[in-house]
Amino acid sequence: MELFRVSQRALAIGAACVFAAGTISLNFITPVVREFCLMHGMCDVRRDTMVELLSTPGRAVMVAIGGAAEALLAAPGTTHLILNKRKGFVRVALTTGAHLVPVLSFGENDIFDPIAVEKHSLIWYSQQLTKTTLGFCVPLFMGTGLLGYPLGLLPKPRPLVTVVGKPVPVPKWQGDLHSPEGRQLADKYHTLYVTALKDLYNQHKDLYALDRTSSLKLVA
(Lines give C-alpha, C1' and ligand atoms only; values in the text may rest on other atoms or scores of the structure.)
Protein backbone atom coordinates (compact mmCIF):
# COMPACT_ATOMS: atom_id res chain seq x y z
CA MET A 1 0.00 0.00 0.00
CA GLU A 2 1.15 3.42 -0.79
CA LEU A 3 0.27 6.23 1.62
CA PHE A 4 0.68 9.75 0.32
CA ARG A 5 2.48 12.40 2.37
CA VAL A 6 1.93 15.91 1.06
CA SER A 7 4.60 18.56 1.58
CA GLN A 8 3.19 21.95 0.73
CA ARG A 9 2.89 25.65 1.53
CA ALA A 10 -0.60 26.48 0.36
CA LEU A 11 -2.67 24.46 2.83
CA ALA A 12 -1.42 26.59 5.69
CA ILE A 13 -2.68 29.84 4.17
CA GLY A 14 -5.77 28.54 2.38
CA ALA A 15 -4.58 29.48 -1.09
CA ALA A 16 -5.10 27.54 -4.30
CA CYS A 17 -2.48 24.84 -4.69
CA VAL A 18 -0.97 22.98 -7.63
CA PHE A 19 -0.25 19.34 -6.80
CA ALA A 20 2.34 17.07 -8.35
CA ALA A 21 2.46 13.34 -7.59
CA GLY A 22 6.02 12.11 -7.18
CA THR A 23 7.19 8.95 -8.91
CA ILE A 24 10.48 7.16 -9.59
CA SER A 25 12.95 8.43 -12.21
CA LEU A 26 12.57 5.29 -14.32
CA ASN A 27 9.07 6.35 -15.32
CA PHE A 28 10.46 9.44 -17.05
CA ILE A 29 12.82 7.51 -19.33
CA THR A 30 10.32 4.82 -20.32
CA PRO A 31 8.45 5.52 -23.57
CA VAL A 32 4.68 6.03 -23.24
CA VAL A 33 4.93 5.87 -19.45
CA ARG A 34 6.80 9.20 -19.51
CA GLU A 35 4.04 10.86 -21.54
CA PHE A 36 1.38 9.44 -19.22
CA CYS A 37 3.19 10.80 -16.16
CA LEU A 38 3.69 14.25 -17.67
CA MET A 39 0.09 14.39 -18.86
CA HIS A 40 -1.11 13.75 -15.31
CA GLY A 41 1.21 16.29 -13.67
CA MET A 42 3.61 13.83 -12.06
CA CYS A 43 7.18 14.70 -11.12
CA ASP A 44 10.44 12.95 -10.35
CA VAL A 45 10.98 12.32 -6.63
CA ARG A 46 14.66 13.23 -6.79
CA ARG A 47 15.64 15.78 -4.16
CA ASP A 48 16.59 18.55 -6.61
CA THR A 49 13.25 18.25 -8.44
CA MET A 50 11.23 18.39 -5.24
CA VAL A 51 13.21 21.34 -3.89
CA GLU A 52 12.70 23.23 -7.15
CA LEU A 53 8.94 22.62 -7.11
CA LEU A 54 8.44 23.39 -3.42
CA SER A 55 10.48 26.58 -3.64
CA THR A 56 7.59 28.06 -5.62
CA PRO A 57 4.69 29.23 -3.41
CA GLY A 58 1.46 27.33 -4.05
CA ARG A 59 3.12 24.08 -5.15
CA ALA A 60 2.72 20.70 -3.43
CA VAL A 61 4.31 17.30 -3.95
CA MET A 62 2.68 14.01 -2.96
CA VAL A 63 5.20 11.30 -2.08
CA ALA A 64 4.74 7.62 -1.21
CA ILE A 65 7.42 7.49 1.47
CA GLY A 66 7.44 3.70 1.93
CA GLY A 67 7.88 3.01 -1.77
CA ALA A 68 8.55 -0.49 -3.09
CA ALA A 69 9.52 -1.91 0.31
CA GLU A 70 6.16 -0.93 1.75
CA ALA A 71 4.26 -2.32 -1.23
CA LEU A 72 5.63 -5.78 -0.46
CA LEU A 73 4.07 -5.58 3.02
CA ALA A 74 0.53 -4.94 1.79
CA ALA A 75 -2.08 -7.33 3.18
CA PRO A 76 -5.83 -7.02 3.85
CA GLY A 77 -6.71 -5.65 7.27
CA THR A 78 -3.26 -4.23 7.96
CA THR A 79 -1.49 -0.88 7.76
CA HIS A 80 2.25 -1.56 7.88
CA LEU A 81 4.46 1.39 7.04
CA ILE A 82 8.12 1.89 6.19
CA LEU A 83 8.78 5.26 7.80
CA ASN A 84 11.11 5.13 10.79
CA LYS A 85 14.31 5.73 8.84
CA ARG A 86 12.81 7.66 5.91
CA LYS A 87 13.78 11.27 6.65
CA GLY A 88 14.69 12.62 3.23
CA PHE A 89 11.25 14.19 2.81
CA VAL A 90 11.73 16.03 6.11
CA ARG A 91 15.06 17.44 4.92
CA VAL A 92 13.36 18.65 1.73
CA ALA A 93 10.73 20.37 3.87
CA LEU A 94 13.45 22.03 5.96
CA THR A 95 15.24 23.19 2.83
CA THR A 96 12.12 24.79 1.33
CA GLY A 97 10.03 25.68 4.38
CA ALA A 98 7.22 23.46 3.09
CA HIS A 99 4.67 22.03 5.51
CA LEU A 100 4.30 18.29 6.03
CA VAL A 101 0.70 17.13 5.69
CA PRO A 102 -0.16 13.58 6.84
CA VAL A 103 -2.43 11.69 4.45
CA LEU A 104 -3.82 8.16 4.80
CA SER A 105 -5.89 6.08 2.41
CA PHE A 106 -8.06 3.44 4.08
CA GLY A 107 -9.03 0.35 2.10
CA GLU A 108 -6.09 0.21 -0.32
CA ASN A 109 -4.77 -3.02 1.16
CA ASP A 110 -8.19 -4.67 0.88
CA ILE A 111 -8.66 -4.48 -2.88
CA PHE A 112 -6.17 -7.27 -3.65
CA ASP A 113 -5.13 -10.50 -1.93
CA PRO A 114 -1.33 -10.88 -1.78
CA ILE A 115 0.27 -14.15 -2.77
CA ALA A 116 2.71 -15.17 -0.04
CA VAL A 117 6.34 -15.46 -1.12
CA GLU A 118 8.68 -17.46 1.05
CA LYS A 119 11.71 -15.51 2.23
CA HIS A 120 14.97 -16.43 0.48
CA SER A 121 13.09 -18.22 -2.29
CA LEU A 122 13.91 -17.55 -5.94
CA ILE A 123 10.89 -15.27 -6.32
CA TRP A 124 11.85 -13.38 -3.16
CA TYR A 125 15.38 -12.79 -4.43
CA SER A 126 13.97 -11.67 -7.79
CA GLN A 127 11.73 -9.13 -6.06
CA GLN A 128 14.62 -7.79 -4.00
CA LEU A 129 16.83 -7.51 -7.09
CA THR A 130 14.11 -5.67 -9.00
CA LYS A 131 13.54 -3.31 -6.09
CA THR A 132 17.25 -2.54 -5.78
CA THR A 133 18.03 -2.07 -9.47
CA LEU A 134 14.84 -0.46 -10.76
CA GLY A 135 13.52 1.24 -7.63
CA PHE A 136 10.18 -0.54 -7.66
CA CYS A 137 8.75 -4.01 -7.30
CA VAL A 138 5.33 -5.42 -8.14
CA PRO A 139 4.04 -7.79 -5.43
CA LEU A 140 2.32 -11.00 -6.46
CA PHE A 141 -1.40 -10.59 -5.95
CA MET A 142 -4.86 -11.78 -6.96
CA GLY A 143 -7.99 -9.68 -7.34
CA THR A 144 -11.26 -10.31 -9.08
CA GLY A 145 -12.22 -10.96 -12.68
CA LEU A 146 -14.68 -9.61 -15.17
CA LEU A 147 -18.41 -10.19 -14.65
CA GLY A 148 -17.92 -11.25 -11.04
CA TYR A 149 -15.49 -14.08 -11.78
CA PRO A 150 -13.72 -14.75 -8.45
CA LEU A 151 -10.16 -14.74 -9.83
CA GLY A 152 -8.49 -12.01 -11.83
CA LEU A 153 -6.29 -8.92 -11.76
CA LEU A 154 -8.99 -6.31 -11.29
CA PRO A 155 -9.34 -4.65 -7.87
CA LYS A 156 -12.09 -5.89 -5.60
CA PRO A 157 -15.05 -3.52 -5.12
CA ARG A 158 -14.05 -2.07 -1.77
CA PRO A 159 -14.50 1.50 -0.51
CA LEU A 160 -11.39 3.69 -0.57
CA VAL A 161 -11.34 6.67 1.77
CA THR A 162 -8.49 9.19 1.88
CA VAL A 163 -8.20 11.41 4.95
CA VAL A 164 -6.00 14.49 5.31
CA GLY A 165 -4.61 15.70 8.62
CA LYS A 166 -3.50 19.09 9.84
CA PRO A 167 -0.26 20.45 8.34
CA VAL A 168 2.89 20.22 10.41
CA PRO A 169 4.62 23.61 9.97
CA VAL A 170 8.32 23.30 9.17
CA PRO A 171 10.67 26.31 9.22
CA LYS A 172 13.00 27.00 6.33
CA TRP A 173 16.52 26.19 7.49
CA GLN A 174 19.62 27.15 5.51
CA GLY A 175 22.23 25.35 7.58
CA ASP A 176 23.92 22.00 6.95
CA LEU A 177 21.25 19.32 7.27
CA HIS A 178 23.93 16.69 7.92
CA SER A 179 25.42 18.58 10.85
CA PRO A 180 24.42 17.58 14.40
CA GLU A 181 21.99 20.51 14.53
CA GLY A 182 20.55 19.63 11.13
CA ARG A 183 20.04 15.98 12.07
CA GLN A 184 18.42 17.05 15.32
CA LEU A 185 15.96 19.25 13.43
CA ALA A 186 15.17 16.45 10.96
CA ASP A 187 14.55 14.05 13.85
CA LYS A 188 12.29 16.58 15.57
CA TYR A 189 10.01 17.21 12.61
CA HIS A 190 10.04 13.55 11.60
CA THR A 191 8.74 12.70 15.07
CA LEU A 192 6.07 15.40 14.83
CA TYR A 193 5.00 14.06 11.45
CA VAL A 194 4.82 10.43 12.64
CA THR A 195 2.78 11.50 15.67
CA ALA A 196 0.37 13.44 13.43
CA LEU A 197 0.04 10.42 11.13
CA LYS A 198 -0.73 8.07 14.03
CA ASP A 199 -3.28 10.54 15.42
CA LEU A 200 -4.93 10.72 11.99
CA TYR A 201 -5.18 6.93 11.84
CA ASN A 202 -6.58 6.62 15.36
CA GLN A 203 -9.13 9.34 14.64
CA HIS A 204 -10.60 7.52 11.64
CA LYS A 205 -9.85 3.81 12.11
CA ASP A 206 -13.20 2.99 13.72
CA LEU A 207 -15.01 4.50 10.74
CA TYR A 208 -12.95 3.29 7.79
CA ALA A 209 -10.94 0.28 9.06
CA LEU A 210 -13.67 -1.85 10.62
CA ASP A 211 -12.22 -5.10 9.26
CA ARG A 212 -8.66 -4.41 10.42
CA THR A 213 -6.71 -7.29 11.91
CA SER A 214 -4.11 -4.97 13.41
CA SER A 215 -3.58 -1.28 13.96
CA LEU A 216 -1.11 0.98 12.19
CA LYS A 217 2.42 -0.31 12.66
CA LEU A 218 5.79 1.16 11.69
CA VAL A 219 7.78 -1.93 10.78
CA ALA A 220 10.96 -0.17 9.66
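This passage describes helix H5 and its surroundings in a predicted model, and then turns to a few residues in loops and at a chain segment elsewhere.

Helix H5 is a convenient place to start. It spans residues 88-96, and its buried residues are Phe-89, Val-90, Val-92, Ala-93, Leu-94 and Thr-96. These buried residues pack against three elements, namely helix H3 (47-54), strand E6 (99-101) and helix H7 (180-208). Immediately beyond the end of H5 comes Gly-97, whose phi is positive, at about 75°.

The packing of H5 on H7 can be followed residue by residue. The axes of the two helices lie 9 Å apart and make an angle of about 110°. An angle of that value falls between 65 and 115 degrees, so H5 counts as roughly perpendicular to H7. The crossing of H5 past H7 is right-handed. On the H5 side, the contact is formed by Phe-89, Val-90, Arg-91 and Leu-94, while H7 contributes Leu-185, Ala-186, Tyr-189, His-190 and Tyr-193. Sorted by class, this contact of H5 with H7 comprises seven nonpolar residues, one polar residue and one charged residue.

H5 also meets H3, with another geometry to look at. Here the axes come within 10 Å of each other and cross at roughly 40°. This crossing makes H3 oblique to H5. The handedness of the H3 and H5 crossing is right-handed. From H3, the residues in contact are Arg-47, Met-50, Val-51 and Leu-54, and they meet Arg-91, Val-92, Thr-95 and Thr-96 of H5. By class, the contact of H3 with H5 holds four nonpolar, two polar and two charged residues. Arg-91 of H5 is thus listed in the contact with H3 and also in the contact with H7.

Several of the H5 residues reappear in the nonpolar interior. The largest nonpolar core contains 37 residues, and those with the most contacts inside it are Val-61, Leu-83, Phe-89, Val-90, Leu-94, Leu-100 and Leu-104. At least two residues of this core come from each of H3, strand E4 (59-64), H5, strand E7 (103-106) and H7. H7 supplies the largest share of the core, with nine residues. Phe-89 gives a good view of how these parts meet. Apart from neighbours within four places in sequence, Phe-89 is in contact with Ile-65, Leu-83, Leu-100, His-190 and Tyr-193. Of these partners, His-190 and Tyr-193 belong to the H7 side of the helix contact.

A loop residue, Trp-173, joins this same neighbourhood. Trp-173 sits in the loop between strand E10 (161-164) and H7. Setting aside residues within four places in sequence, Trp-173 is in contact with Leu-94, Thr-95, Ser-179, Glu-181, Gly-182 and Leu-185. With Leu-185, Trp-173 has a separation of 12 residues along the chain and of 9.2 Å between C-alpha atoms. Leu-185 is also one of the H7 residues in the contact with H5.

Away from H5, two residues other than glycine deserve a glance for their backbone. Val-32 has a positive phi, near 75°, and lies in the loop between strand E2 (18-23) and helix H2 (33-39). The relative accessible area of Val-32 is 66%, which makes this residue exposed. His-120 likewise has a positive phi, near 70°, and is placed in the loop between E8 and helix H6 (122-134). His-120 is partly exposed, at a relative accessible area of 48%.

Two further positions bring together parts of the chain that are separated in sequence. Glu-108 occupies the loop between E7 and strand E8 (113-114). Its relative accessibility is 23%, so Glu-108 counts as partly exposed. Glu-108 and Pro-155 are 47 residues apart in sequence, with 9.5 Å between their C-alpha atoms. Val-219 lies in the segment after strand E11 (217-218) and is partly exposed, with a relative accessible area of 36%. Not counting residues up to four places away in sequence, Val-219 touches Leu-73, His-80, Leu-81 and Ile-82. For the pair Val-219 and Leu-73, 146 residues apart along the chain, the C-alpha atoms are separated by 9.4 Å.

Note on methods:
Residues numbered from 1 in each chain as written. Predicted model: local features only at pLDDT ≥ 70, side-chain atom pairs only at ≥ 80, totals over all residues. Heavy atoms only, no water. Buried < 20%, exposed > 50% of the residue type's maximum accessible area, 1.4 Å probe, protein only. Helix = DSSP H or I, 4+ residues; strand = E, 2+ residues; numbered from the N terminus. Contact = heavy atoms within 4.5 Å. Axes fitted to C-alpha atoms, helices over the stretch in contact; angles between N-to-C directions. Parallel < 35°, antiparallel > 145°, perpendicular 65-115°, else oblique. Left-handed = near helix turned anticlockwise from the far one by under 90°. Nonpolar A, V, L, I, M, F, W, Y, C, P; charged D, E, K, R; others polar. Core = buried A, V, L, I, M, F, W, Y, C linked by side-chain atoms within 4.5 Å.
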